[in-house]
Structure formats: structure tokens, C-alpha cells
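Biologist: Could you take me on a close look at one part of this model, the strand pairing, and show me how it sits in its surroundings? I'd be glad of a walk through it at bench pace.

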Amino acid sequence: MTNTWQDIKNANVVIVMGGNAAEAHPCGFKWVIEAKIENGAKLVVVDPRFTRTASVADYYAPIRPGTDIAFLSGVMHYLLEKDAIQHEYVRAYTNASLIVKDGFGFQDGLFSGYNEETHAYDKSSWDYELDEQGFAMSDDTWQNPRCVINLLKQHVSRYTPEMVSRICGTPQDKFLHVCELIASTAAPDKAMTSLFALGWTQHSVGAQNIRSMAMVQLLLGNIGVAGGGMNALRGHSNIQGLTDVGLLSNQMPGYMNLPLDKEIDLDTYMKTKLFKPLRPGQTSYWQNYRKFFVSFQKSMFGDAATQDNNWAFDWLPKLDVPLYDIIRAFEMMNNGQMTGYICQGFNPLQAFPDRGKIRRGLSKLKFLVTMDPLDTETSRFWQDFGPQNPAKSAEIQTEVFQLPVTCFAEENGSLVNSARWLQWHWKAAEGPGVARSDIWIMSGIFHRLRELYRKEGGAFPDPLLNVTWKYTDPVSPDPEELAKEMNGRALADLVDPATNTVATKAGTLLDGFAQLRDDGTTASGCWIFAGCFTEKGNQMARRDATDPREQGIAPNWAWAWPANRRILYNRASADPDGKPWNPAKPVITWNGTRWVGIDVPDYGPTVKPSDGVGPFIMNAEGMGRLFARDLMAEGPFPEHYEPLESPVENVLHPKVQNNPAARVFADDRAAFGSPDKFPYVATTYRLTEHFHYWTKHALINAILQPEEFIEIGEVLAKEKGIEQGGWVKVSSKRGEVVCKAYVTKRIKPMMVDGKPTHVIGCPIHWGFTGQARKGYGANTLTPSVGDANTQTPEFKAFLVNVEKTHAPVAA
Amino acid sequence: MALTRREFIKFTGLGLAASGLGVLGFGASGEAQAAAVRPFKLTHATETRNTCTYCSVACGILIYSMGDRAKNARSNIIHIEGDPDHPVNRGTLCPKGSALLDIVHAPTRLKAPRYRKPGGTEFEEVSWDFALDRIARLMKDDRDKHFIAKNAAGTTVNRWTSVGMLAASASSSETSYLTWKVVRSLGMVVFDNQARV
Amino acid sequence: MFDLQSQDYVRRSASTMTPPMARSHEEQVAKLIDVSRCIGCKACQAACMEWNDLRPEIGHFEGSYQNPDDLGPSVWTLMKFAEYENEQGNLEWLIRKDGCMHCEDPGCLKACPSPGAIVQYANGIVDFISDKCIGCGYCVKGCPFDIPRISKQDHKSYKCTLCSDRVSVGLEPACVKACPTGAIMFGSKADMKQWAGERIEDLKSRGFENAGLYDPAAVGGTHVMYVLHHADKPSLYSGLPDKPEISPVVRGWKGIIKPLALIGIALAALGGFFHWITEGPNEVTDEDEAEGERVLRESETEKTP
């Protein structure tokens, strides 16, 4: 989230598309209701189903799953054609005026630089025209046809209301009404907030779905302002934290990248991370990358990371492929390339695409370790549970360790919420039996391995032997000590060059990342967390809920990264002169000498408006990007591509049906179904009564939604003879689920390219352990293919068939 | 049978506008309450502040447990409700958060390490030492066998691809940081979390 | 009658004594359910079960999000979901939290033959006193909203207490506290009516011309009220009665029970009789009702010279 949960109440329009906030985040959704009641806001919902969010919306429009880019490109077309954009904002704060290189182009569904064989782009043409100093050229008059804004106009010109309706199945009048509501927030003092979640990410074009709305928001001047922003409503309680700390195959803490094979040494690695400003005088904050990196290595390896060994650069693993994501991991498992797998609080058998493939993969492992408070399906994949998990135990040679872990109520620590708040929590009781904390278990494995390497030697043990472990209790490090390590401290007296005096004494906890050095005199385990645990104490444990003007900032409640800033890009809440666009809800204001307001400025606190420094300080040009340069796999502008399994041809460019940059493994491609056998569009989702595969273990939640079902429209149900509450078999090329049917008015057939298209909804929450009734799990059906940038699986749009049937026969 | 006078927890600062709840209900009739009203169950419970374990709204919660944490008593969580001070949830909770008690006490909470032999049809309970020793042995044997120190081009790559890990997305950042250190110091690259599913 | 010592009762089933009147500053409470901001998340159901230690059996999927499928001795509140296509052909998903309405003039209390088994406190809460409940099921019949349910285990009648245990210590009911969107509010009845007025105004401005408050006069008003977008058609909301009424039979009983309780002597016999019928069916059948009336008539005759 760029903004806070409470800030939603400042919106004039709330658009929920690519998510179902009322269902998945009810307590955050209260601020939508607050916006409606206290701010007269309109709630707009665009979704394939009439959802719980839609039930309290002012306007609802249906959309076929997997066509959001077409819809949003149509919105951009509408805004540009009607000139309903926030002109001053777009000119000053976005790259609309910058001139794009001559070589860049788009034709028949492909951008310039496509390589058919590798399914990847050479992105060198996706950039600005640079002047002799290396700065991007600009035309503030927008006369140059190569200006980003003009290329964008041209790119979205194909997405007329007719075309949108043809692709998305949204009736034209409904589409246009949504456009009108969105356009109303182009006024400088009006804001729209976009609330989205997995409904956008879980597509082969997931990242571009989000980019499309981000572009709409830039055109409307809605980023950085109160009641605006791009608000990704994240899933698990600390999924933001795990992302921040870089628990992803290619990441390091604080959004730094693990080196690639081609980055053979630190200098080569740093060459791609110089972030030289692309416009004069810009902040381009990533220029400090080296400080963050060296401080991290000092935190990780302590005294063993020195200038002489390039701060132990070689001790980090390097990547030969962009990602070792879950889809690749299970491909490797199925190919016999993996020996062991550790699932910490994670249930891949239910959570990952193509459950059959997951089960086959796990069966090929030598060992599987699960660490969980609950008895998960994954830990019992080898056991026969009848049709919901048919397994021949005797044939499965995998050794399985099921390790009992304490839960949230039984430990101290911090979680990062969707609004980037780090909140500390306290232990209330001991765990059951001999359950132990994740920290204790990981430490136990670490100590045993380190001991084995000390005794026996073995493959390159240096990083393992040198990783810092200076905890008071090495067997179970105290969370406070770990938090301090992430925050970072001075390793030597830090001298302020301005005064030539010691500003920070050696050993002192740092106040913020501005103190970090690249000479080995500072350590910080996660630079963006610097400031969370200072000499003043644990900032994450703060409980002062005071909220100036009740504007939804609460600056002294817990602590937010970065630098306790609650609204990202908040410099853009004020006009180029520093006056708030919306005087009723200012975030920060220039008072003549500095930036003041209710939030920490996302900007140099004394940088004058006249200096022309852009508000998007992490970007090298200082501007919000309507043209993404080379950062996206499939193009600098979003383009509509059909899901990998789709009932129709791509009417824009039949030869480029799907995302041309999607990575598809051969066996996964072979497991795609065609519309002749699987004619209905399916989408998976969550219900508010349940959380993933956990709450079926909680009796109350099992009572509230006891049994697996699908949602099916009345028309299709009638056609197929399916009765309300009756048994159905839903099948994809990959498997079948036998469950109950909910015949509902909330899903209606949509006219897509002249043909009625039916959508089937598959809630995900059931399995074969826990207290709810036994189920298969919707991922029995889903395809193993991901977004071209992130490899997030395409759970939201795939093909199935549905038939009336009888109850599954128990084994 | 005599009416007993009961002590009631004094709740202050609930932040409710308009009529304070104190003047409603039975407050005006003094300390005696209707004999039939169920005794208030949190009177002597210990309150602990925590964060809901489910979604990333991260609602503040109050965990109530029996016992005062004296050495000779084991705390037992008896009730969980929303923290009214929390700026986002302001005391509210969704159907999952309202039922947190049932996940804490789920009958399928694991209580001891269990092990399943190759080809086995059941789990057997094992000691922590057995489990962790065996896991470390399996990991080391595989790492020594499959660790890639240099790639074909001779670049030092120091990666291990044949054992992977999925990290818990409901565990604390402190846990995740420690996990990162362990995983990467082994050179592990097949490493992911639940951000995408 | 020790329970009268609390002086909090204003009504008491099958009793003729006048409740103590000395205290006069009890404020009437109300729960306001604004269905227009309800997302049907069932937090109220979960919070109710958790606080009141209720765990009904795990049911089945029955073709709706409504689970459990009905109110029960362990299900004191239940979200009901109705898919309604309005005159414009647009879908509305009307979701209503069902449960005891805490009537000002409670039909259940009127119908109850067991002295003190159903009481109404001065703040308006209608509560069932389990140790005095004989499980006869007359409250079920007497309720215009079909709320109370008899337990098969202990043959006692159960329903929402409006969390009288929480209210008694100055806390709002569990469902009210949990409700994520503030669709359930709690306060004095006067405040709740005023707040409802504001909500109705907002709904009218959003095109719901018939928005209004559900606080039916036929039962003297209720201490659980609804804001409805279609107050002209309450039955759209999963059968909320358009015109709730206490059954005339129950109204008729009122005059009988009073003198009956006075003589007290018939009470034991009656209690025995009702205890017997609890071993039979859990719902009051027409036959039971006729039998009950016969017994009452006989009692009446007995005392008439």
C-alpha cells in the first residue's frame, strides 16, 4: 500500500477491481464504509462476480476474468480522449513529456526487440532519447510525437468502449459509467483509491494489470495524495515483512538483488546499480545502493566481510536463472533435480497450482520437512485420504519430518502490515506440548550443520562458518536482538563531515538509513527497517494512536518503513510550488523553509520546490512512469493478452494470443486444456469465513463455511441440470474436484466477442485435514504458469468443464 | 441463597462517542446485577496485546488468559477480542479474527515432532534431537554432493539448488531475518514465501 | 423471588408481582443493524459463538452462504442472504443478521408459563433464565420473529442474551464490538434512532427512496432495530416479518397466566406437565398447544368458584 488503511476514508471514489476487499480484508474495508458515510465517497466494484464488496457498492460492473488490462486501457483511452486528466500533475510529476528512443515500437501485439526463440525481449529500445549529458530529453509542450504521452495515446487508442466490451464482456454503458466515476477524480482536490489484491496479481499478466491502474492514477494525479494511491491489500499477516526482508529466490533484505552469474564480482554487480539520475538534479535514492549493500554484508558476516574480500560478495549465492520460484521448484522436483524441501508455515500441496504435479513432485523428494503449528495436508501428502488425496504410501520413499511450531499467541516479534507498519506483539502463553518457535528450530538446524562442517569439512563452508551469531542465547536468539540487528548500528565512531565531530558513537543503534556508510563502519540487516529499534527503544512497540486532524496517519502508532513515512510519494500531494492540491486534506506543505505536515516528507525536508526535484525519488528521472522503460518483461506499456487458457481468440492480435514473455515449461503447456473440452472460465478465490487452509482447523470457521463448493450462474446450471446445493464435478485438463454447487444470480453469463461466456467460481479453502468437511482444494484444477515478471500463478483465469454428479465415494 | 457482590473490570477509554456505555445497561442500578446474568468471564484474566495472525490489515488484538503468570500456574488462553486502541481495527475483528481462540486451541495443533519413514503408512513421534540431527545430516550430505561452487564459465557462484525452502508468511520479521541468514549462508537459492499464492 | 432484588426487571414471565419501581434512571439500550453497510462477513456470528461458548455441529453446504442452516440452541445469531433483482433489473444481495429482536413487548415472555424463566430488564434486554426454563417451547410459539430454539440436550430454550454479561459491566455485545464495518451499533435507543435517521438520509440520497427504520410498533418497538434500504418490504430480507404480531392465542393467555400464577398451586402440576412435553417433540405442535390451552382452561376453572 502506498497509503494507510485509515487513509481510505479520505477518498472520493474507491475502486475495488482485482480484489474483493470486503471479503478478504473486512476490518480494513471499514474505511471504505467510512469514506462512503463521512466523505460521500462512491464505491465502484469491477469483478466477474457480484461479491460481498459489490453488495455495498454504489456501482457494479462485471468483467471477464483475465481482461483487466483491456478494461483499464479503455479507461486511459477515455481519460485522454475526454481530456479528463490532472494536467499540472501529469506534466510536472510523470514522464509524459519525456521523449522515447526512435527504435521503440509496437506492432501486431509485440513491442520492439522480441526474440521468438527465447520468448524474451531485447529491451534496449525501451528507453528515453538521451542528450549528451545522459539526461532524458523532454518536450513540455507535448508536440513531439515521441513524447510518452503521445505514444500512450496511440497505444490505447485501440481500446474503444466497443473493443473493451467485446473483450471484457462488460456492457458498454456500464463500462462508460465506471469511466465517468473514475474521471471525476481528475480534479486536483479529488482522489480515488485503488484497492486490489490477488485478483490482479494471479494472472500471466499480473504485474501489468497493476501497472495499468497505476498509470490511470498518475493521469488523475491520485498518487501521493490523501485518499489516493495504489493499495495492494496484502495477504498474510507478515507477507509484507517477508518480502521486505527478501525471502524470495532472487532477493536480499530491503529490495536488493542477489547477484546473477554474469555479475562476476562486486564491481560488475554495482555497475547495474549506480542509478545515475536521468534528469538534472534528481534524488535517485537508489544511488545509495552500495551503502545498503555493504552495511548488509557487515550485518551478515561481521568482521569477516572486509574491503579486501569485497565485503564477502562471493559468499552470496549467484543466480543462473532470473527466479527459482515455486513453479520452477516443483518442475525441478518432478524432474528429479531436488532432494529436500523445507516448508515453514506453508502448505504447498493445497496452495500451489496443479495439485497433482505438486503431489508427484513431493513424492520424488528424499526428504520433506514441515514446520507448522497445524497438521497440514503437505505433511501428509504420502497418506491415502481417499479421492481427496489418493496416495500409495508404500511406493513413496520420502522421509517426512513434521515439526510442531508455536503460533502468534506464543511468541514476541514484529509483523509488517499491508501499510508497511512494523507492529510488535507479545507472547500470551506457552505453546502446546513440546512445540518450539521457528527461531529455535532454525537455530537448531544451523548449529547442527555448522558443527558437522567444523568436524567433517565439506562443500564450501565459509559463509556458514562466518555468518554472525552473536546472540545472548545462541540456541534461541531473542527477537529484540534480531530486530536491533536489522535496524543496524555503528561499528565505529561515525564522524559528521560537516562538523568533523563524532555524530554517532561506535556500537550505537542507528536512527535511520541516512547514517549508513559503504566503508564497513555501519551494519544494518535490512536498511529500510533502519529506525525501527533505536537507542530510544523499540519504535515498533509504540502505542500512541493520536491522529492529527483525524486524517488517518497516526504517526506515532508503531513504526512504518521507510523512515516512519505513512504515505509514499507524499511530495506529490502538493503542487510544484508546495501547496497542497487538496487544501482540506494536506499531507505535507512547503512553509517557505521546509516541508511540514502530518507525515514524514518522502523528500528532502529542506529541498526547495524551485529546485525542481521530482517526487518519485526512487526513480532515476524523479517522475512517475507512464512508460516503464525496461523494467517489465512484456513491454513498457500494458497490452491485453489472453490468459494461457482462454475461451476466445485475442481479437486485437490473433497471432499473439498470450503473454509473449510468459515462461511455460513443456509439461505444463501439455497440461493446458482447450475450450472445446473445457468451455467455461474458472477463477479461484477466498471466502471471508476462512483464511487459506488454516481456519478449517478452527471449529468456529469450520461451522461458518463447512464444505467445499463452487459458484455457478443460474443459466449454466439450468443448461447442465445442476441443482441448488447438488453435487457437481468440475474438471480441468489437470484434475477434477467433486463438490457442492451454489447456483447464484451473482454470476451471469457475459457476451464476449458475441458469444455468451460462463464463469465458474472456485473458493479454495478445503482439504483433507482439519475440522471442516473433507475437500479436494481448488488448486487441483489450476494451471502451472505464472506472471512473466513474478511467476505468480494464473489462478484467476483458466478453463474447466462442469457436470452434475453424485457424492464422491469414500475410500 | 445470597446475592454476591461481584467485581467488574473497569474499562476506560473505549473511545465510544455519544452515550458512554457506562450509563447504559445495569450500571445505574448499582453494583448488584440481575442474578441471572452470566458472570463476566474476564474478571481476573490477564490481558496481552498481540496482532491477528491472519491477513495484513494486522488488527490489534487482546488475548485473555487464565492465570496471572505466577510460576506455578500455566497460562491458558480463554478469549481473544479486538484491541479498541488500534487505529485500523478499533476493536473490530472479522470472522477469522473473532475465532482466533479456536485456532490457538485447534485439536490439530501439533504437540510433538513426528517422523514418517520411507514407505511408511503412519507418523511416529520422535524427539527433537532425532529430528534435527537427521535433518542436518540429510541436508549436509546433499549439499556436499550437489553444491555448485563455480559455473561452467568458471565464475564463483556458490549455490545449492537441490534443497529448497518455503518461508512462513505469518512468522515475525525477526524469524524471517534469522531464516534468511541460515538459508543463504548455505547457498540455498530455491527459496520463496507465500507472497504470490 | 430473590432475583427481584436486583430491581432490574421490568417484566417477568408468569408473574403477577409488580416489579420494583424505585429506580427510574435506567436507560433503554438498543442494537442497530444497518444492513446497508453489512458485508455479510459473519464476524458477528463468530464473535457470538466465541464469547458465549457456543459451538453447533459442523453442517453441510446447503446452497447459500447461510451457515449453520438455521438458528439453534447454540446459534443465537445468523446471517441470512437473499439475492434480489430489483425493478431496474440490478442485483442486490440483501444480507441480514437474524437473531432476537428484544421486543419491548416480548411475545416469548407473554407466552412463557414458568415464572421468571423469561425476564425483561429495565434497559430493555429480554433474557432467558435457564434454571427456571421448563423447555415447553411456548416462547417459540409466542415469538413473532421465530427466534428461540429448544436444546435437545437439556430441553431448555435459548436465544441471544444481547450479551447481558457484557452489557452489565459496561461493554457492548460481542457482535457489536466485532462488526468490521460498523453495521452493528449499540447505545441508548434514542441515540440509535437518531443515528438511524442519518443513515436513512444518506441512503435516500443514494437512490434508496424507501430506506427506513425497522422498529415495529406491534411489539412495542424493539431493542434490536434494522436500517433497511427497502423498509417498505422487510420480507425481502430473508423473510423479516412485514407486520410482526404476537399470536392472538398468546395475547389471550396473558389474562389467564396472571391469575394462574397467583394461585401458585396449579404451578407444580403445570410444571410437571410441561416437563413431560419436553421429552416429546422439541417444537410445539398444534396438539401441544391445544393441550396446553386445555390445561390452562382447567386451571382457570379450578379457581373459579
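Modeller: Happy to; here is a tour of the strands, starting with chain C.

A word on the ground rules. The model is predicted, so local features need pLDDT of at least 70 and side-chain atom pairs count only at pLDDT 80 or more, while totals for chains, interfaces and linings use all residues. Residues are numbered from 1 along each chain as its sequence is written, with chains lettered from A and ligands numbered from 1 in the order in which they are written.

Chain C has 9 helices and 11 strands (DSSP runs numbered from the N terminus, H or I of at least four residues for helices and E of at least two for strands). In chain C, 54% of the 305 residues count as buried, a term that asks for 20 or more other C-beta atoms within 10 Å of a residue's own, with C-beta atoms placed from the backbone. Contacts mean C-beta atoms, placed from the backbone, that lie within 7 Å. Taking the contacts in chain C between residues at least 6 apart in sequence, 64% join residues at least 24 apart.

Now for the sheet itself. Chain C holds an open sheet of 3 strands in the order β1-β5-β6, with antiparallel pairing; two strands pair if DSSP finds at least two bridges between them. At the edges are β1 (9-12) and β6 (126-128) of chain C, each pairing on one side only. From one strand to the next, the twist averages 30 degrees (axes are lines fitted to C-alpha atoms, and angles run from 0 to 180 degrees between N-to-C directions). Strand β5 of chain C, residues 118-121, is joined to β6(C) by 3 antiparallel bridges, and C:V119 faces C:D127 in β6(C).

Strand pairing also links chains A and B. Strand β14 of chain A (residues 399-404) runs antiparallel to strand β4 of chain B (residues 114-116) over 3 bridges, with A:F401 partnered by B:Y115 in β4(B). The contact between these chains takes 136 residues from chain A and 102 from chain B. On the chain B side, 49 are nonpolar, 32 polar and 21 charged.

Finally, look at strand β33 of chain A, residues 798-804. Strand β26 (residues 680-685) of chain A pairs with β33(A) in the antiparallel sense over 3 bridges, and there A:Y680 has A:V800 as its bridge partner. Strand β28 (residues 727-732) of chain A also pairs antiparallel with β33(A), over 4 bridges, where A:V728 lies opposite A:K804.

Note on methods
Two residues are in contact if their C-beta atoms, placed from the backbone, lie within 7 Å. Ala, Val, Leu, Ile, Met, Phe, Trp, Tyr, Cys and Pro count as nonpolar, Asp, Glu, Lys and Arg as charged, and the others, Gly among them, as polar. A residue is buried if 20 or more other C-beta atoms lie within 10 Å of its own, exposed if 12 or fewer, and partly exposed in between; C-beta atoms are placed from the backbone.
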